[in-house]
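Q: Could you take me through one part of this protein up close? I'd like to see how a couple of its leucines sit.

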Amino acid sequence: MINALWAGMFLIAAVTALIQTLCGNTDAFNLIVSAIFKSTQTAVEISIGLIGILSFWLGILKLVEETGIAGKISEKLTPLFRVIMNDVPDNSPAISTVVLNMAANFLGLDNAATPTGLKAMEQLQKHNPQKDTASDAQILFMILNSSSITFIPITIFMYRAQMGASRPTDVFIPILLATSMSTFVGFLSVAIKQRIPLTNKTLRKWLLGFVFIISLFAGGFYLIDSEKRLAVSAMLGNTLLFLLICTVISAAVYKRVKCYEVFVDGAKEGFDVAIRILPYLLAMLAAIGVFRAAGILDLLTDGIKYLCICCGGSGQFADALPTALMKPLSGSGARAMMIETMQTFGADSFAAFCASVIQGSTETTFYVLTVYFGAVNISKTRYALKYALWADFAGIIAAIAVSYLFYRP
């Protein structure tokens, strides 16, 4: 699908530019070609600029793995997953692998999350009586991955800093609230479908705790003066991030881990990761640049704005919608849309703020579904896609709502 989408953006832009040329706009193709050059240059600048901060966090995350913090979280979550995946035997290694994957997602350990996710899907497949059809446990696991809560959205902070945002972490609390809504809706809808016992003591405790913490965040920030919400979000985000760094380093010292050497070992991956991002970023930024230069993206967002205004609402969020539309299809595409929005409207604009929150609200549904089910040769995914998209929709609506609540120019 992403192949057709990428090619289609170029071809539609070409047809549009041709029509404009025939109508007398001789600059149409000049603007498109200029957009390609500008986009490719931007992609290189962003990738190179990410090396430093990316290396730093990969070093910290390596310490998280070596100190056993991810393992501790895994231990705490295991009783919960034994309840919600009741068609998996208690002694199955799949439970611990699933929990390890969720802990890695929670901490932002992308490099660890995908391999453990694929391994968990393979282990769940051993308990699946119909090998070509997704089991209940596999569907639940896939949806939790596609809507997973990431407590530390480091990559979004990095891109905002790279694009010149005055407070890159001011989206911390809005993203946490939006992604929590996505996960809650995704889990609850699947739980009802699969008749998971929501009255179970362990599950009820986790659900009530989850709702309480999110409500505390939401209610607390609602009571704060609207002029100060963004500043408090940035302050809290920065404080928690630095406390996390200090906690990880303290744990490394306590465990007698060679913290400097382990950090450097993890940081070495930063350059490779930044270079690996470049081709995807370049491809999508070029396509989006062409699409916007042809006037199609502006036409789409202006149409949505007009409809919102006609209905008595605000159409500001429409400028961030390209990220929302791309998010379920392609992570790199949505990231490129977010960056392109920052370029066009400014990193501190409402559109860029909203696009950043949308980017952090959910995972890439079609990618997760294709990779995870494809790895175990499952062709019949049953209701997985429908419920995953429903969770995406809830996350995106929540992202737009909290953006209005928090953003101040």
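A: Here is a look at two leucines, followed by the protein around them.

This is a predicted model, where local features need pLDDT of at least 70, side-chain atom pairs count only at pLDDT 80 or more, and totals for chains, interfaces and linings use all residues. Residues are numbered from 1 along each chain as its sequence is written, and side-chain values use heavy atoms, with hydrogens and water left out.

Start with Leu18, which you'll find in helix H1, residues 2-22 (helices are DSSP runs of H or I, at least four residues, and strands are runs of E, at least two, numbered from the N terminus). Leu18 is partly exposed because its relative accessible area is 45% (buried means under 20%, exposed over 50%, partly exposed in between, with a 1.4 Å probe and protein chains only). Together with Leu22 and Phe29, Leu18 makes up a nonpolar surface patch with about 320 Å² of accessible area. Areas here come from the Shrake-Rupley method with a 1.4 Å probe; for residues, only the protein chains shown count as cover. A patch like this takes residues with over 30% relative accessible area and no salt bridge, with nonpolar side chains (Val, Leu, Ile, Met, Phe, Trp, Tyr) joined within 5 Å and like charges within 9 Å. A salt bridge is a side-chain nitrogen of Lys or Arg within 4 Å of a carboxyl oxygen of Asp or Glu.

Now hop to Leu61, in helix H2, residues 28-66. Leu61 counts as buried because its relative accessibility is 12%. Its C-alpha atom is 8.3 Å from that of Phe263, although the two residues are 202 apart along the chain.

Zooming out, the protein has 18 helices and zero strands, and 50% of its 409 residues count as buried.
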